[in-house]
Amino acid sequence: MNGNTLVTGGAGFIGSHLCERLLASGANVLCVDNYFTGTKENITHLLGNPRFEMMRHDVTFPLYVEVDRIFNLACPASPVHYQFDPVQTTKTSVHGAINMLGLAKRVKARILQASTSEVYGDPEVHPQPEAYWGRVNPVGIRSCYDEGKRCAETLFFDYYRQHQLDIKVIRIFNTYGPRMHPNDGRVVSNFIVQALQGNDITVYGDGRQTRSFCYVSDLVEGMLRMMDTDRDFTGPINIGNPGEFTMLELAEKVISLVGSKSKLVFGPLPQDDPRQRKPDIALAQSKLAWTPKVSLDDGLKETIAYFRKTLGTRSDSRMVERPAGNALGISS
Ligand SMILES: NC(=O)c1ccc[n+]([C@@H]2O[C@H](COP(=O)([O-])OP(=O)(O)OC[C@H]3O[C@@H](n4cnc5c(N)ncnc54)[C@H](O)[C@@H]3O)[C@@H](O)[C@H]2O)c1
């Protein structure tokens, strides 16, 4: 992979891994981020690379740079972060998409949108194939994220039809790994941090709701493969790990891998929290020859090792506290 590649949200969890892989493949990488949830620590190790450049910029404002490819990841991804300033969340998805699509149009770049399984909402179809239109509450507390991402997809496809833009849309399912934000309220980081600190592990609802968990290196591989597909293949395409686990199973795995004595405590289920989420990845398997490789146990071991090393040392400048009385929690 050569050429100039822009990664918006590049200082975030997934973005920093993507920047790393792009650099390793020979690309020049311009990382753009406003550090809302990303941190400089996530990319410090890349700063010495002459092919890496960092720019502090908010994608809700236009950007003028010369690039060949754009990975548009900028957007807070966990409920605790995207509900902190919901208006800004929608703006980031929608104005951010308009600005990045405008840039792609001007410089004739290929552009990939990091969409989400949240576009399926609380699904009646299980597992979710790309053809499923979803069941999303347009006026709930998760809507700023879900509807923002849905609107971004609409914009991508309208730019494709109206301006013949070279677009790719991937729908990312729960992803985890090193550099997740320790305070993001997502289930994997929550459980690991609680177990490492010897605190009770908070399970929302009865813990029998399921999620699938994709390790970050598998996701990045899928993203890169999608970016390299023929122009006429736009997606949307699901990228996720179809292995399905209940929250109780996940909690037990984390407790045993950490070697913790933490106990489970149960709290109320957050509003509009999906009961089940599992990707149908038949399209990714056939179009990208992609399938996730990292088992949940192996991925959790890497993630636990990261949190063991960094807990208390990350200087997230804009960490947000969980709003009082608002049972946020299980992840996007
Ligand atoms: N992690 C997951 O499980 C998951 C699942 C589905 C979709 N996604 C999508 O993948 C992308 C990356 O998610 P992540 O998990 O790495 O989250 P993250 O919060 O770690 O990364 C998002 C990055 O975007 C930056 N950002 C936010 N608003 C911005 C703005 N207005 N201008 C510039 N930068 C801005 C943040 O500072 C951060 O570095 C997001 O678009 C998210 O919606 C992630």
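The exercises below deal with helix packing, ligand contacts and unusual backbone geometry in this structure.

The model is predicted, so local features need pLDDT of at least 70 and side-chain atom pairs pLDDT 80 or more, while totals for chains, interfaces and linings use all residues. Residues are numbered from 1 along each chain as its sequence is written, and side-chain values use heavy atoms, without hydrogens and water.

**Exercise 1.** Describe how helix H7 packs against helix H9.

*Solution.*
Step 1. Locate the helices: H7 covers residues 247-258 and H9 covers residues 296-310. Helices (H or I, at least four residues) and strands (E, at least two) are DSSP runs, numbered from the N terminus.
Step 2. Take the axes, which come within 10 Å and cross at roughly 55°. Axes are lines fitted to C-alpha atoms, for helices over the stretch in contact, and angles run from 0 to 180 degrees between N-to-C directions.
Step 3. Classify the angle: H7 is therefore oblique to H9 (under 35 degrees is roughly parallel, over 145 roughly antiparallel, 65 to 115 roughly perpendicular, the rest oblique).
Step 4. List the residues in contact (heavy atoms within 4.5 Å). Leu-250, Lys-253, Val-254, Leu-257 and Val-258 of H7 meet Leu-296, Asp-297, Leu-300, Lys-301, Ile-304 and Arg-308 of H9.
Step 5. Sort by class: the contact of H7 with H9 has seven nonpolar, no polar and four charged residues. Ala, Val, Leu, Ile, Met, Phe, Trp, Tyr, Cys and Pro count as nonpolar, Asp, Glu, Lys and Arg as charged, and the others, Gly among them, as polar.

**Exercise 2.** Find the residues around the ligand and some of its polar contacts.

*Solution.*
Step 1. Count the residues with a heavy atom within 4 Å of the ligand: there are 31, and the closest are Asp-33, Thr-37, Tyr-145, Lys-149 and Arg-186.
Step 2. Look for pairs of N or O atoms within 3.5 Å. A backbone N or O atom lies 2.8 Å from a ligand oxygen atom in Leu-73, and 3.4 Å from a ligand oxygen atom in Cys-75.
Step 3. Add a side chain: a polar atom of Thr-92 is 3.2 Å from a nitrogen atom of the ligand.

**Exercise 3.** Locate the cis peptide bonds at Pro-127 and Pro-236, and the positive phi at Lys-108.

*Solution.*
Step 1. Recall that most peptide bonds are trans and most residues other than glycine have a negative phi.
Step 2. His-126 and Pro-127 are joined by a cis bond with omega about -10°; Pro-127 is in the loop between strand E5 (110-116) and helix H4 (143-163).
Step 3. Gly-235 and Pro-236 are joined by a cis bond with omega about 5°; Pro-236 lies in the loop between H6 and strand E11 (237-239).
Step 4. Lys-108 has phi near 55° and sits in the loop between helix H3 (86-107) and E5.

Note on methods. Polar contact = N/O pair within 3.5 Å; in protein donor to acceptor, adjacent residues only side chain to side chain.
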